[in-house]
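Thanks for coming. I will walk through one structure this morning, part by part. Please have a look at it first.

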Amino acid sequence: MNSLNVCFVGIGSIARRHIKNLRAVCSERGIALSIDAVRHSAGADKRDEGLSLRKVYTKFEEIDTEYDAFFITNPTECHLESLSKAAKYGRNFFIEKPVASVSQINEAEKLSIKKDAVYYVACPLRYNAVIQYLKEHVDFSRAISIRSISSSYLPEWRPGIDYRKTYSASKKLGGGVSIDLVHEWDYLTFLIGMPRKIFYMSGRKSALEIDSEDYAVYIAEYPDKIVELHLDYFGRKTIRQIMVLTDSDTVCGDLVSNRIEFMRTGEIIDFNETRDDYQIRELTHFLDMIEGRVKTDSDIAHAVRVLNLTQGKIQE
């Protein structure tokens, strides 16, 4: 692939990060990259400096070309509508997680997709060095129990933005910790597959001014192991860890400090990487998909199964 013509639907913080990282990936591969966007306003935003957007549309009907890929990076509840509209103008699709809001699960299951197109639903934590190491070096058939936690303080997620006005705070807009932190169920299924039974509790317990859930707790059963997962919006110190209890050691993967510790032997592995490092790996993997080098490993069907898991449901 010598050139790549892409269009972003929505230019928020995650889109800006993807644009920066996509430029780095294409530069390294010698690919000529051009980027357009569909957004509510055609006027430039001061944060657009450095994005070098070639063309900005305010509606899909203005598009007069076919794109190699669309990046669906607008609010969750708009993903399915955007995918349907973009299908006419795009050959492949990178969809920010989650694929849809909880209320749209049935609609997502019935989504019409183009034959031979790549539909990839983002799952960046799969590409984190900690998760990659666990996937490659830990024998999960010897795991007896796995404990995973993601705890952080919602008001500090987006500096300078009132958390009460974000989609995370609004159930109507698709917010809530179970779906916001879908990453955890995605990487757990990446490591060990789908559970056969699941128990789920969620609700609001903190004083945060939100109408979405601020905690979700799961216990999932596999044929040979048990999994416990805790998610919350109210932890005042960010914790994001996975602990794998095997018959020979307890392996603790810390996704905040990017290190792994073998608790019995005392061995520590530091990866010293940043968020951009693993998100660049994800974009590289996406380009490999659309070039036909690798198969799509996080398609819409899988993303819907994971979305059901976040609601305590196992999809047959």
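Gly193 comes just after helix α6 and takes a positive phi of about 85 degrees. This is a predicted model, so please hear every value in that light. Helix α6 itself covers residues 182-192, and 10 of its 11 residues are buried. Among the buried ones are Val182, Trp185, Tyr187, Leu188 and Leu191. Polar and charged residues are on that list too, including His183, Glu184, Asp186 and Thr189.

The end of helix α8 can be described in a similar way. Gly312 follows α8, and its phi is positive, near 75 degrees. Helix α8 runs over residues 300-310 and is mostly covered, with 9 of its 11 residues buried. Ile300, Val304 and Leu307 are among these, as are His302 and Asn308.

Now the interior. Which residues have the most contacts inside the largest nonpolar core? They are Leu134, Trp185 and Ile242, in a core of 68 residues. Trp185 belongs to α6, where it is one of the buried residues. Ile242, leaving aside neighbours within four places in sequence, is in contact with residues including Ile131, Leu134, Ile146, Val251 and Leu255. Tyr187, Leu188 and Leu191 are also in contact with Ile242, and these three are buried residues of α6. There is a second, separate core of 28 residues, which includes Phe70, Phe93, Ile95 and Tyr119. As general background, nonpolar side chains in soluble globular proteins tend to be buried together.

Two single residues next. Ala216 sits in strand β9, residues 215-221, and is buried with a relative accessible area of 0%. The C-alpha atom of Ala216 is 4.2 Å from that of Ser202, and the two residues are 14 apart along the chain. Beyond four places in sequence, Ala216 touches Val177, Ser178, Tyr200, Met201, Ser202, Leu229, His230 and Leu231.

The other one is His285, in helix α7, residues 275-290. His285 has a relative accessible area of 17% and counts as buried, because the cut-off is under 20%. Not counting residues up to four places away, His285 touches Tyr127, Val294 and Asp297.

Then some backbone details in the loops. Lys97 and Pro98 are joined by a cis peptide bond, with omega about -15 degrees. Pro98 is in the loop between β5 and α3. Asn258 is not a glycine, yet has a positive phi of about 55 degrees; its loop lies between β12 and β13. Asn272, also not a glycine, has a positive phi near 50 degrees, and is placed in the loop between β14 and α7. Which of these asparagines is buried and which is exposed? Asn258 is buried, at 7% relative accessibility, while Asn272 is exposed, at 68%.

Last, the chain as a whole. The protein chain has 8 helices and 14 strands. Its radius of gyration is 20 Å, close to the 20 Å from the globule rule for 316 residues, so the chain is as compact as a globular protein of that length. Of those 316 residues, 53% count as buried. Among contacts with a separation of 6 or more, 66% are between residues 24 or more positions apart. The chain exposes about 15,100 Å², with carbon and sulfur atoms supplying 48% of that area. There are 43 positive and 46 negative side chains, and the centres of the two sets lie 3 Å apart.

That is the tour. I will take questions now.

Conventions
Residues numbered from 1 in each chain as written. Predicted model: local features only at pLDDT ≥ 70, side-chain atom pairs only at ≥ 80, totals over all residues. Heavy atoms only, no water. Helix = DSSP H or I, 4+ residues; strand = E, 2+ residues; numbered from the N terminus. Rg over C-alpha atoms; globule rule 2.2 N^0.38 Å. Buried < 20%, exposed > 50% of the residue type's maximum accessible area, 1.4 Å probe, protein only. Contact = heavy atoms within 4.5 Å. Areas by Shrake-Rupley, 256 points an atom, 1.4 Å probe, with all protein chains shown as cover. Lys, Arg positive; Asp, Glu negative; His and termini not counted. Charge placed at Lys NZ, Arg CZ, Asp CG, Glu CD. Core = buried A, V, L, I, M, F, W, Y, C linked by side-chain atoms within 4.5 Å.
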